[in-house]
Structure formats: structure tokens, C-alpha cells
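Please take a moment to look over the chain as a whole before turning to its details. The paragraphs below are meant to be read with the structure in view.

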Amino acid sequence: MDSEFIKRIGKMLMCEMCGKKLATDQCAEDHIKGKKHRRLVSMKQSREEQSQRSIFIGNLRKTTSEPELLGHFSEYGPVSRVIIDKQKSSYAILEFVSPASALKATEEERQVMNGLHITVRPREVREFVASGIKQRNAALAKGKKKEEVMQQESEKLTLMLLGKISDQMDALMNATRLSDASLKLRYLICDLLREVFSEFFPNCRVYPYGSSVNGCGLEGSDLDLFLSLNWKDNDWKYRFASLTGETTATSKAAEPSTNQPPVDTVMDGDEEGGLPDPSLASGREALEFAADILRKCTPSCHKIQVIASARKPVVKFVHADSGLHCDILLNNRLSLRNTELVYLYCSLSPLVRPLVYLVRRWGKVHHISENVGPGPRLTNYALTWMVIFFLQTKRILPTVGDLRQKAEPADKLIIDGWDCSLCMDGAELIATKDAEPEQILKELFEYYADLDLATSCLCPATGTLTRVTDMLLLKHPSTEGTFKVGPVNIQDPLELTHNIAANVNEKTAKIISQVFTKAVDACRSDRFLKKLSKPEADCEETTTPWGIGLLVTSEQKAQPVAKSANSSGRYILDFEPKRAQISEGFASKFDNPQEMNEACLGRMEAFLLEILRDILAVSCTRFSDAAAGTRDSRSDISDNQTADSSMEVDDENGGENRSRLEAEPVTENVGAEGDDTNPFKRTSKISEAMAEPPPKKQRTAEPGTSDPDRKLLALKAVTSMYSCALYHDVWVGRRKARRTLQKERNDLQGLGLEKLVTERLILDAAGASKKKGDSIVEFSLEVRQDLEKGSVKLTTLPLKGVESFKLLHHFLEGFLSRSLDELKFQ
């Protein structure tokens, strides 16, 4: 074991190089042999060798150039590279090809270079820390700082919670909104960048967009910048082109420059001094060139990074003087129009801004919004449109379609093939007057708590909910792209094929649903509408929050529903179809989401059963319909009063449960054929399970049945009962067996690999000759298609080997969830 990096901390081992905890010595040995560890060790050695070849040069002038340094130090040996301090040019790092040259150059600390007294020392060797650990520690520190700020704001907010709920909402907005000084600073950064870029591209434009200028900005939020290297649209005047709000660019920096770029301005890689044509260069090339200009011409811009893998590639940087994080987006005029649209909605009703600020703060407190980098949470932009969409359904705000219909010919605007013509005065389109804020807030949370965002899509363009199946038919007018369906679906108001919540995953969607339900409970409580009674004269006034304080002062993070044993000793696993795996062709076969949901659940049930049978070698015997029955989805399996499915359990043999099932099993044995010891002789395949769902008990309504009765029938759950046994602990040692098989056969992957892993484990355990009486785990299994919740629920009751079953259940939680990723609905 490499003791240099592996340290023991209590009972655990820690790799100080990778920052990873290791359980055993064997895990540590495997970790040391891993690619990541070896790469970091090699990187550490390379950095140390690089430091030995480098020297530090101090006391330089701002005019000191790289050729001047090369001319002075090349007498000591060949120079590899020179790095001069970008901001103040007060020092430089010079790297030689050989360590001997560095030693020779540092023999004299005080030297004279062209009449300038400089300091020369060996470069300091700093402790190497892996970048992943740096990022993690930085993220933890940033998260801790944000939590401290939130705590301080919560304490201040508790003192402000006085008067009406509308007063509370206004107080929250005023306490967190972007200040005038911050707004002015953002426009100064725009002017700085415009001045730099105009030296190379006279017709360039740099505009702020997003929350910084649409009226929903938060203090300390990032600055989103639009950059066009060759602005040609002189008919459309962006509303936020300048701080004064004028629609014409009157400032000198904003006007098209008639001057040509300096002749002596030459960027790296362009010896002749020519600049790329913005109209001919690709988006990636133009973005890289913009980043290069920032690196070389703007000392106040630090940590410049091009994110080319994003949906819309951006350049990220930090403004050194203010610490403001900035994102530059190239030529995306839709973002400018979206900013104007949000600003218009905020100006149409006094409810909009306070409600947006409150919902954003609520989402931040409950950890369903504000990602640190790419992540699965909702963006503030998505939350803003959720608020606007709800107010559209209440006819407090007009739809985007209404604004488009009222647009004058002078307002006509087409961007990237999308009709962005809008009437910028929508006051006459408002059908109802503003309602009470507390009532609107309560109804908003109730609306989204009851809404299934996985099967329906919010469409602000029409102000209506649209079926997901219909969204799949949309085509982008320019790129032929389609709408990306996910667990949460919110259509962009202008770019109709863009799902602004496409980043949200299944786990986060469940948490969002729970948090909305929790908010509904808070809004329905007595403390939401009124404060506590006045305290006695000799008591201090209470600071217990009320009103919106119940929504924005909670610090408990919502968690998904635990899938562990309930009070009756049963274990539950709940799986939902992943909507992102539904193909367009599959969705087009159904007339409504309910039919599509039933088909998905049928395929998912068959797929899960085949995983247990074929992949994990679980022997399953299905019981007759008389034993299982078809029961209402709201009933629980723990109801042991049902005669047809009653189970009696005793604990006479070492605490192991033995059941006496009254129902007789049917002749179908879904375990092994011929030989009980080899479960891999079955002819059924995973593909067959995906293609044909198991037969369901028919659910038909009598003629003349009312609509409510039909709805109740549709909510019935399809249930099947199985008696299961497992003869080998196939959950132990799977990782090691998987690695061995992958070394033997590189083409193995997915479920085919997992099946061979199980075979290898059974053979290695030398237990293939065991009979059924030697099973290590026995359990009953109820598979239920819950059509109301849209999930397949596996409920198990251990009958033998309870302790081993607990380990099996823990393994199944992760294994079945990962296996479902290979299920495709086509």
C-alpha cells in the first residue's frame, strides 16, 4: 500500500491525494491502482519538477516585456516559458528547460537588468491539492456562507413580519432587490467591455439582460451579458441598451464606430493582424476570440473560461474590482426579447414583482432552486415563469399570444424564425382586477401541488396546460429541434421548443412536489393569516413568524420519501417511468396521457420482474387472481383483514417469518425450467418483457356509468402477488466480479454483463447444487401499478432470512433504479 497518501483516520482510511474515504485495506489497494489516483500522483510529480525548473522575478516595471526577460536570463540556459503578472506586472515566473539553469540563475538574489534592480529567487513549491478537492472545498465554503447570509436575512425578516401579508411581501422585495448602485455598476461593466471590443469590431454591442434589468434582480446575483460582434438590426431598439432606459443608443460607446481597429493590434495565432469575420466565423470560434480579447486586453477580468458544452455556449469571468460573476452570451437576441417581456409583465400588475421575489426566496430556502453551476434544480427564470403562468390562468396577466395579436405592424419582430412581435402596452388586455395577495399566494401553491408537471406542460404563450404528447410534435423553425420532455415541463414563451426546466431530474421533481404540498399546509394554517395573540404585559413580544415567514424562514431541506420497512414490517420500493425516455413515436400512439401512462406502467412492471428473474436469479411463483385480486390504489397491503390475501406470520425459528398463504399457486412457475439450481435456462428475454406488458385485469364500466364513476375506475390499481426465493447472495461481491468479467471481455455492458456477473457469483460460491429447501431468503412480493400516482410499487414481506433480506432490499433500491435507465419506451 502507498503509505505516502493513504492515512488511517479512526476505523476509516483516507486518500489525502484524492480526498476519498476508503473502508478497507483492499479498497485502498484498489484505489491506488485506479486511473484517477495515478493521474493525480503523476500531476503532483510534474508540478514539483516544474517548480524546480522555475524562478521568481520581482520588482519589475509595468513596461517590462517578455523579450526583455528572455534576453537577460537566456544566458543561464534555454527558457521554456515566461508568465508576467497580468494586473500589475510587478513580478514574473520564468521556467527553464533544466533545473540546473534555475539553480544557476538564482545564485545572486539582487540583479540588474537594463538598469532595473530586480529580485531573483527560487520559485516557492506549494503543496499540491487536487482540483476536485479545491472545487469541493470552495463549494462547501460558498454554501456555508450562503446559509449564514440566509440565516441573517431570516432573523431580520422575523423582525419585519408586521402588518399585512402584502406589507411582508413588499418588505421582502425591498430587502433583497437589486440596488441602484449595483445596477449602475453593471452598466459600467458593459461600457468597459463595449469599449474594449469596439477596438476590434466597430459595430459590436454589449447589453445586460436577465434579472439584472427585468425588475426581478437580487443583490449579488450574476450579471448576464449579450455580445454581438456585428450588430445589424437597426430597426429594433433594445429597451435596456443604456441605464437611462432610452430606446436609442445615444452614448458614444453605444454608437457604431467609424474608426478602424488599430493597425498594430495583433492577437495570438494571427500574425498578419487580420480579425475573423463575425458573419463567417462559427459560434465557437467567435466565442474563443472574445475570450482571448478579455484575457489580453481587460486586466479587470479574471478566471476567464469558455463553456462550450452548455446549451448556449458562454464565456464566464469574474470582474476583479467588484467580485461580480459575469456570463457572456453571443448573438442570442431571444434573451433580450425575453428580458423585455418579463419586464412588461412586472409592470402590468403590482402583484407580480413581490410574488416573484417571494417564490424565488421560498425556492432558495427549500433547496429546489439556484444551482451552483449545472444542476438538477429549478432556475430562477423557471420559477418566474411559473408565477407568470399562474397569474395568466387567473386572467390577472395576458398571455403572450394576446400580446402578439395586439402588436402593431411597427412591433413586428422575427428572431431565429420565432415570432417575437409583442404589444408593449398590455394594460387593456387584463380581464380582472388584482386579488388579495394572501389569497393569490395560497392558490398558487395549491395549483402546483395538485399539478402533474410530468404529463402536462406549462405554456405561457397560450396560458394553458398542454399534453406532453402534443409538445413532442413541435419543431424548431431553423434547426428542426424538438421539445425535450422531462419530469418538469415549462415551455419558453418565445422559443417554443425549449423546455426551461429540462435540467430537473426525477428525484428533484419529487422534492419539488413535496415542498409545494408543504407550502399549501403552511398557507392553510391559522398562523398564516394572523399573528399570535398579543402577549401579556410582563412578557416580551414573541418573534414567532407568521404569514410569509412560515414559507421563507424554514431551513430544513426536503427529502424524498424514505423507502424502508413500515410499521407492519413490509418494505416498499416505488418507481416512476422516466419521461425523458419516452420516444416521440411511442407517445404518438396514444390519444391522452392516461393511456400512455398505463402502457408505460405495464412495460415497467414486466421489465422489473424480468430483472429479478433473469438477472438476479430470483425464483418467483405467481399466485392466482383470487389470491391477489384487483384492489383500490388507496388501500394498503398492510390491511390483513382481506380474506383472499391474508398472511399469518410467526417468529418461532430464530425470528424468521413463516407464512401460510391460503391461496393455491397457479401452474406457472416463473423460476427455472427443469433444473431448480440453474435459473438461466429461461427462454424469456428482457426485450420481450419490454415489448409485451403482462395481462391486466379488465376494468370496464357499465353502460350509463357517470363520469365520476369512470374516473374512479381509472384510478384502480393492477396488482399481482408472487412468492419469491433466492438461493445465493448475489448482491455480495458484484463489483469485483464485474471488473473481472470486463477485463476478460471488453464488449460486455449493461444488463447482459449483470446477468453474467450473477452466474459467476453462483459458480464461485459452489452453491449450484443447493435445493429449494436451502434458500437463504424467502419473501412475498406484491407488484402494483398505481395508475393514480403513475408508479409501479414493489411491496415485500420477508418470510425467511430477515437480516439477509435487509441487505438485499438495500441493494435492490439502487440496482433496480439503475437498471430502469435501460428501459426505452419506443
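What follows is a walk through this model, from the whole chain to some of its helices, rings and single residues.

The model is a predicted one, and its chain has a secondary structure that comes to 25 helices and 25 strands. Of the 826 residues in the chain, 46% are buried. Among the contacts that join residues at least 6 apart in sequence, 68% are between residues at least 24 apart.

A good place to begin is helix α25, which covers residues 802-819 and so has 18 residues. From its first C-alpha to its last, α25 reaches 25 Å, close to the 26 Å expected at 1.5 Å a residue, although α25 also bends by about 30° at Leu-812. Leu-812 is itself one of the buried residues of this helix, a list that also holds Val-802, Phe-805, Leu-808, His-809, Phe-811, Phe-815, Leu-816 and Ser-819. As background for reading such a list, an α-helix has 3.6 residues a turn, so residues three or four places apart point the same way.

One of those buried residues, Phe-815, leads on to Glu-754, a residue of helix α24, which spans residues 750-764. Leaving aside neighbours within four places in sequence, Glu-754 is in contact with Phe-815, and also with Ile-615, Arg-734 and Arg-738. Is Glu-754 buried or exposed? Glu-754 has a relative accessible area of 10%, and because buried means under 20%, Glu-754 counts as buried.

Another pair of helices shows how such elements can meet. Two packed helices are described by the angle between their axes and the distance between the axes. For helix α6 (residues 165-176) and helix α10 (residues 352-365), the axes come within 9 Å and cross at roughly 75°, which makes α6 roughly perpendicular to α10. On the α6 side, the contact is made by Met-169, Asp-170, Leu-172, Met-173 and Thr-176, while α10 contributes Arg-353, Pro-354, Leu-355, Tyr-357, Leu-358 and Arg-361.

The aromatic rings offer another way through the model, with a count of 21 aromatic pairs. In one of them, Phe-56 and Tyr-91 are stacked, at 5.8 Å centre to centre and with 25° between the planes. Because Phe-56 lies in strand β4 (residues 54-58) and Tyr-91 in strand β6 (residues 91-96), this pair ties together parts that are 35 residues apart in sequence. Phe-56 is partly exposed, with a relative accessible area of 22%, and Tyr-91 is also partly exposed, with a value of 34%. The rings of Phe-226 and Trp-231 have their centres 5.9 Å apart and their planes at 90°, so this pair is edge-to-face. Here Phe-226 counts as buried at 0% relative accessibility, and Trp-231 counts as buried at 9%. Elsewhere, ring pairs link Trp-362, Phe-389, Phe-390, Phe-445, Tyr-447, Tyr-448 and Phe-516 into a cluster.

The last stop is Leu-472, which lies in the loop between α14 (468-471) and α15 (506-524). Although Leu-472 sits in a loop, this residue is buried, with a relative accessible area of 8%. Which residues does Leu-472 touch, not counting those up to four places away in sequence? They are Phe-483, Val-485, Ser-583, Glu-584 and Ala-587. With Val-485, which is 13 residues apart from Leu-472 along the chain, the separation between the C-alpha atoms is 7.5 Å.

Conventions. Residues are numbered from 1 along each chain as its sequence is written. This is a predicted model: local features need pLDDT of at least 70, side-chain atom pairs count only at pLDDT 80 or more; totals for chains, interfaces and linings use all residues. Side-chain values use heavy atoms; hydrogens and water are left out. Helices (H or I, at least four residues) and strands (E, at least two) are DSSP runs, numbered from the N terminus. The expected span of a helix is 1.5 Å times one less than its number of residues. The bend at a residue is the angle between axes fitted to the seven residues ending there and the seven starting there. Buried means under 20% relative accessible area, exposed over 50%, partly exposed in between (1.4 Å probe, protein chains only). Contact means heavy atoms within 4.5 Å. Rings of Phe, Tyr and Trp (its six-membered ring) pair if their centres lie within 6.5 Å; planes under 30 degrees apart count as stacked, over 60 as edge-to-face and the rest as tilted. Axes are lines fitted to C-alpha atoms, for helices over the stretch in contact, and angles run from 0 to 180 degrees between N-to-C directions. Angles under 35 degrees count as roughly parallel, over 145 as roughly antiparallel, 65 to 115 as roughly perpendicular and the rest as oblique.
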